Each structure stands twice: as C-alpha cells, then as structure tokens.
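Biologist: Could you help me take a close look at one small part of this model? I am new to this, so please explain the terms as you go.

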Amino acid sequence: MADPIGIEVRNLYKIFGPQAAQLMDAVRNGMTKAELNEKHHHVLGLNDINISMPAGQIQVIMGLSGSGKSTLIRHINRLIDPTAGEVLVGGENVVTMSRDALRDFRRHKTAMVFQKFALLPNRTVLENTCYGLEVQGIPQAKRIAAAMHWLERVGLKGFEKKYPNQLSGGMQQRVGLARALANDAPILLMDEAFSALDPLIRVDMQTILLDLQKEIRKTIVFITHDLDEALRLGDSIAILRDGEIIQQGSSQDIVLRPADPYIESFVREVNRGRVIRADAAMEPATGPLPEVAVEGDCTLEDAGRLMVQSGITRLAVRETATGRTTGTLSMERILAAITQRSPGQP
Amino acid sequence: MDWLTQFPQMDANQLRDIKKTIDEAFRGFTRAYGSDIETLFEPLRVFMVQAERFMTGTPWIIILALIMGVAWLGSRSVKVVLATGATMLLIGYLGMWEDTMKTVSMIFVCTVISIVIGIPLGIAMARWNRMQSIVNPILDVMQTMPSFVYLIPVVMLLGIGKVPGLIAVVIYAMPPVIRLTNLGIRLVDKEMLEAADAFGSSDWQKLKNVQLPLALPTIMAGINQTIMMALAMVVIASMIGVQGLGQPVLRAISNQYFTLGVFNGFAIVGIAIIFDRVSQSFGKRLQKHSEVVHG
Ligand SMILES: Nc1ncnc2c1ncn2[C@@H]1O[C@H](COP(=O)(O)OP(=O)(O)OP(=O)(O)O)[C@@H](O)[C@H]1O
Ligand SMILES: [Mg+2]
C-alpha cells in the first residue's frame with residue numbers, strides 16, 4: 001500500500017474569466033468577490049486559500065453551494081489551473097507540473113469520487129472498477145484481481161457483471177469508491193460523494209468509509225455541505241465562504257468556538273452531545289474521584305448513557321494516551337455543554 | 001430612372017467573359033490533371049468493382065443467407081430477419097435481384113467511405129472549435145447544393161461512370177455522419193470527461209474509452225441517415241453511369257413504363273426499410289445500458 005502523503009495549499013487564488021491574471025493585483029489588495037463581479041464581471045472562485053492537510057487523515061471542506069468547494073478540490077489534481085499560488089503534494093508542486101508529469105501524478109497519486117458517480121454506462125461494474133488501472137496500463141489479470149478485491153470490500157460481491165443503471169444510487173457510488181480505491185493512490189478526493197444519496201444510505205456509506213480508512217490510511221479530502229457529515233468524518237474541517245476559508249479546526253473547535261455568526265448558524269442545528277468530547281466539558285478533578293471513568297475522547301452522549309446505566313451522576317475522565325485521570329464530568333456539566341448557546345443566540 | 005425598374009446588373013459582356021474565363025481555366029485544369037485525378041480514384045473504383053462482383057457473382061442463396069445473417073446480428077429479432085428474407089425474395093422473384101445487388105454494393109461502399117472519412121472528421125470538429133466553424137458551412141453547402149451542380153465538375157474531371165457517381169452520392173450522404181459524430185462527442189457529460197482526466201487518461205484513452213462509446217448511439221443515428229440519403233440518390237447517380245435500381249427507373253421515366261418504375265421504386269423502398277430497421281435496432285441495443293440513472 002502506498003505511504004500516505006500530505007497536501008499543502010499555499011496562497012491559492014482562482015479567478016474565473018478571461019482577464020484573470022491582470023485582476024490578481026486588485027484581488028490581492030482586497031477586492032471582494034462582489035466587487036470583482038460587479039466591476040469586472042469575473043468570478044472570484046478562491047481567495048488566498050492556505051490549508052495544510054496532514055498525511056493519512058480525513059480533511060473535510062465544508063461550505064454552502066457556490067462557496068468554492070469543488071473549485072478547491074479540483075486544484076489538488078489540477079483539473080482546474082490556479083490563477084496564483086501553490087499546491088504541494090508530498091513536496092511536489094502540482095501547479096508547475098508538465099502535462100506528462102501531471103498525467104502520471106493523477107494516475108498514481110490521486111483518485112477521485114464524484115457526486116454523480118460518473119460511471120461509464122456501457123461498462124460493467126467490474127470494467128468500471130478497473131478503469132484507473134487500465135489507464136495505468138496494468139495487465140488485465142492483475143487489474144481484475146484488484147478490482148474484485150475492492151468490490152468485495154465495499155460489499156458488491158456478486159454484482160460485477162451488472163451495469164451501473166441496474167444498481168441503486170448507493171450501490172453505484174460504492175462502485176465509484178471501489179474504482180477510486182483500486183487505484184491504490186495515497187490521496188482520495190471526494191467531491192460531495194454522498195450528497196446524491198438518501199439519508200440512511202448516506203450514513204451507511206460514511207460508516208464504510210470510516211471502517212476502510214482505519215486500514216487504508218489515505219489522505220482523504222472530503223467535500224460536503226452537510227455539517228453532520230463533516231463532523232462525523234472530519235479529522236479536521238475547513239469552512240469556506242465566498243472562496244475564503246473562515247475557520248479551520250477539529251470538530252470540537254468548530255462546535256465549541258464557531259468563528260463567526262455564519263458558522264454559528266450552521267452549528268446551532270448540530271447534535272452537540274455527539275460531537276463534544278468528555279475532555280472538552282470536564283472540570284478539574286477535586287476531592288475523591290468517581291470510580292467509573294471514561295476516555296477523554298468519549299462523546300458526551302456516550303458518557304451520559306453510561307451514567308444512566310450505572311446510576312451515577314459523576315465520572316472520571318482519563319487521558320487516552322497515558323491513562324491518567326485528568327478531570328471529572330458531572331451530569332450538570334454535560335447538560336450545560338449540550339444546551340449551551342453562544343452569547344447573542346436565542 | 002432606369003435603375004429603379006431594372007435591377008442594376010453587371011454588364012452582360014463582362015459577365016459572359018467572367019464565366020468563360022472560369023470555365024476555360026477549369027477545362028484547362030481538367031485536361032492537365034484529369035488523368036492524374038482518375039488514377040487517384042483508381043483504388044476506389046477497384047473497391048467498388050470488387051464489392052459489386054461479390055454481390056452479383058455469389059449464388060443468390062448465399063447472399064440471401066448473408067443478408068439475413070447481418071439482419072440477425074444487427075437486430076436480434078426474428079421478425080426483422082423474416083421480413084428481410086421475404087422482401088429480398090419478392091424483389092428477386094420480380095426480376096430485380098441483379099440490380100438490387102448492384103445498388104446494395106454501391107450503398108455499402110458509400111457507407112464505408114462516409115464512415116472512414118466522416119468519423120475522424122467529426123472527432124476533429126468536436127475537438128477544435130475552429131475546425132467546426134470551418135467544416136459546418138461546407139456541410140451546409142454539400143447538403144443544400146443541388147446535386148446536378150456538383151455533378152458538372154465531377155463529370156468534367158472523371159467522365160461518366162461508377163466513380164463520379166459514387167463521389168456524388170458520398171458528397172450528398174456523408175454530412176450526417178460528420179455532424180452527428182461531432183454532436184455526439186460534444187454531448188458527452190462533462191463529469192464523465194472530468195473522471196477520465198482525474199484518473200490520468202491520455203487524450204487517446206479518453207477518446208477510445210469515454211467519448212466514442214458514449215457518442216456511439218448518436219453516431220449510429222448518423223450512419224443510418226447516411227444510408228437513407230445514399231438510397232435517395234440512387235436515381236440521380238444512375239444518370240451518370242452508376243448501375244443498379246436507378247437505371248430502370250430512368251428508363252421508365254423516358255419511356256413511360258409505369259409498372260417498371262413502380263417495381264423498382266418499391267425495391268428501393270424495401271431495401272431502405274431493411275437498412276433502417278436493422279441499423280435502428282442495432283443502435284437501440286447499443287443504448288441499452290446508456291440511460292444514466294442517478295440516485
Ligand atoms: N468555470 C467557471 N466559470 C465561471 N465561474 C465559475 C466556474 N466554475 C465555478 N464558478 C463559480 O465559482 C464559484 C464556486 O463554484 P464551486 O463549483 O466551486 O462551488 P461549490 O462550493 O462546489 O458549490 P456546490 O455546492 O453547488 O457544488 C461559484 O460562484 C461558481 O459560480
Ligand atoms: Mg460543487
């Protein structure tokens with residue numbers, strides 16, 4: 001399996017329109033998306049994006065429609081050329097690659113899953129799954145073996161001979177996932193990969209992805225406009241608005257400390273009990289320690305359930321790495337954390 | 001006030017001189033290069049002669065089996081195969097077997113040429129917008145210019161015979177293949193192409209694996225139209241020496257043989273329907289898995 005590699009995006013700008021390069025200075029000097037559109041009829045797709053995505057982790061990029069998510073993810077494999085800036089993947093600058101180098105990079109370093117699946121209708125499930133390997137020129141026996149392996153892993157054993165239009169949406173996207181995984185690339189790009197699926201199937205697919213990720217340890221860039229999905233999948237989350245990143249951090253950071261009212265309005269609808277961890281809500285340990293303890297990364301919902309089951313109202317919280325008790329968590333603290341509103345919220 | 005009632009036209013002498021000069025120049029060109037151009041088209045003539053010899057020289061029963069076999073491969077429908085067989089038998093029984101074979105071989109050659117030239121041209125048009133804007137008006141002219149007009153230079157260059165007739169038919173019948181290849185490739189879903197790019201396909205891999213297969217049903221529709229248009233040209237082509245079902249029609253017109261005309265006319269219609277049904281159901285089978293279903 002390929003070793004995971006990180007992605008570094010630096011000062012990335014994208015202006016859509018014929019005179020993009022000439023308008024770079026104006027944008028650097030602070031012209032906004034609205035002004036650019038009004039005065040020059042160019043669209044500011046991305047505005048000074050800086051993200052560092054660590055190897056082997058799931059980076060979620062979130063934002064409303066039109067915020068530039070697709071534009072950003074397409075810069076990582078350069079389906080879109082930037083107006084300015086760099087994209088470093090494992091130390092290589094994607095932006096300056098030659099055509100051949102770029103093709104090689106796409107074949108071996110990245111794989112992509114699409115919102116509308118983008119499966120070839122005239123090919124069977126198996127043939128679709130082989131696509132990436134076929135393009136790489138890998139011998140047929142080998143690519144079929146790899147494709148069969150990944151089809152089985154995503155739960156599609158027995159469907160190899162079917163055509164995409166004979167499958168449900170959820171199954172089609174599993175083919176999309178298997179096709180991407182068969183490529184054995186260290187980076188997986190997923191542009192709203194689960195957005196076209198209905199809610200239950202969507203949660204299923206998230207589970208499949210999380211289970212697989214424990215083993216494959218790829219650097220996954222996952223785009224979504226759904227906060228619940230972002231919080232569930234993301235090791236870290238970046239929130240985009242109008243082509244700018246307005247907050248980056250872990251799910252805890254986003255939920256507990258939303259950077260502005262825009263994010264706050266997203267966060268309000270979230271089930272906080274499933275996001276906030278015990279160590280974020282605990283208080284310093286004083287007096288005698290409770291007997292029952294949970295790990296620091298246990299969610300408040302799980303901690304609360306444990307309390308109810310054991311008939312207690314206070315827990316000790318242990319640091320996962322060391323096993324040391326770092327604080328205590330009471331029923332009131334849980335309730336306070338779950339029901340808390342930031343100042344200014346009703 | 002003469003110019004109000006009379007259209008202000010070019011001086012008659014001047015106009016005549018212009019026409020004369022151009023005609024003379026072309027005649028000179030013909031005299032100088034006519035035979036060279038004829039050699040250029042020699043392979044085409046050989047191809048046509050061979051195809052015709054095969055169709056007329058092979059025992060009718062083998063040809064009939066062959067035609068029904070192709071109908072089966074194309075349509076996979078017993079009904080279509082039986083109807084094809086019955087039509088061919090009736091045509092033969094009414095004494096038009098030989099002429100029909102000649103026409104079918106001409107249509108076959110014309111279709112092959114249209115595909116060989118038309119599909120690459122359509123691909124080039126889909127790829128380069130500049131190419132499209134150059135070729136499209138030419139196709140418009142090819143399709144609307146009365147055939148007799150471009151028959152004049154063709155006949156001047158190559159005389160009367162199979163090859164000039166074939167060229168005339170190809171000029172008239174080829175545009176649909178070109179246009180629909182171009183259209184079919186341009187209509188391929190953008191996300192499909194993006195996926196092909198994202199996996200690192202080369203241009204050739206993209207064309208071979210994504211664009212052509214997804215455009216194929218549209219291209220097939222173009223081929224079908226080309227065949228139909230070629231059949232429509234059979235009578236005109238026979239005026240410059242293409243043998244087949246067109247010649248009896250021509251004879252029927254000049255001698256007022258009503259029945260001869262009707263028989264041959266219906267034979268043309270018969271093979272048109274066979275070609276159409278077979279190629280259409282072939283196109284449908286290609287499309288079986290192509291309706292993209294989302295969600
Ligand atoms: N090729 C293009 N030409 C001009 N403007 C574009 C182009 N592609 C995207 N844009 C604009 O850039 C902005 C960001 O688009 P993008 O597709 O990245 O949004 P998104 O966050 O992916 O939205 P969605 O959730 O709808 O997919 C939008 O304002 C869009 O109109
Ligand atoms: Mg998008």
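Which residues does B:Ser202 touch, not counting residues up to four places away in sequence?

Modeller: Happy to help! This is a predicted model: local features need pLDDT of at least 70 and side-chain atom pairs pLDDT 80 or more, while totals for chains, interfaces and linings use all residues. Residues are numbered from 1 along each chain as its sequence is written, chains are lettered from A and ligands numbered from 1 in the order written, and side-chain values use heavy atoms, without hydrogens and water.

With that exclusion, B:Ser202 touches A:Arg103 and A:Arg107; contact means heavy atoms within 4.5 Å. B:Ser202 sits in the chain B loop between helix H11 (190-198) and helix H12 (203-232). Helices here are DSSP runs (H or I) of at least four residues, numbered from the N terminus. With a relative accessible area of 14%, B:Ser202 counts as buried, a label for values under 20% (1.4 Å probe, protein chains only).

For some context, look at ligand 1 too. The residues around it, each with a heavy atom within 4 Å, include A:Phe16, A:Lys33, A:Ser70 and A:Thr71. Helix H3 (residues 69-76) of chain A gives the largest share of this shell, 3 residues. Polar side-chain atoms of A:Thr71 and A:Ser70 lie 2.5 Å and 2.7 Å from an oxygen atom of ligand 1; for a polar contact, the N or O atoms must be within 3.5 Å.

Methods:
Polar contact = N/O pair within 3.5 Å; in protein donor to acceptor, adjacent residues only side chain to side chain. Helix = DSSP H or I, 4+ residues; strand = E, 2+ residues; numbered from the N terminus. Buried < 20%, exposed > 50% of the residue type's maximum accessible area, 1.4 Å probe, protein only.
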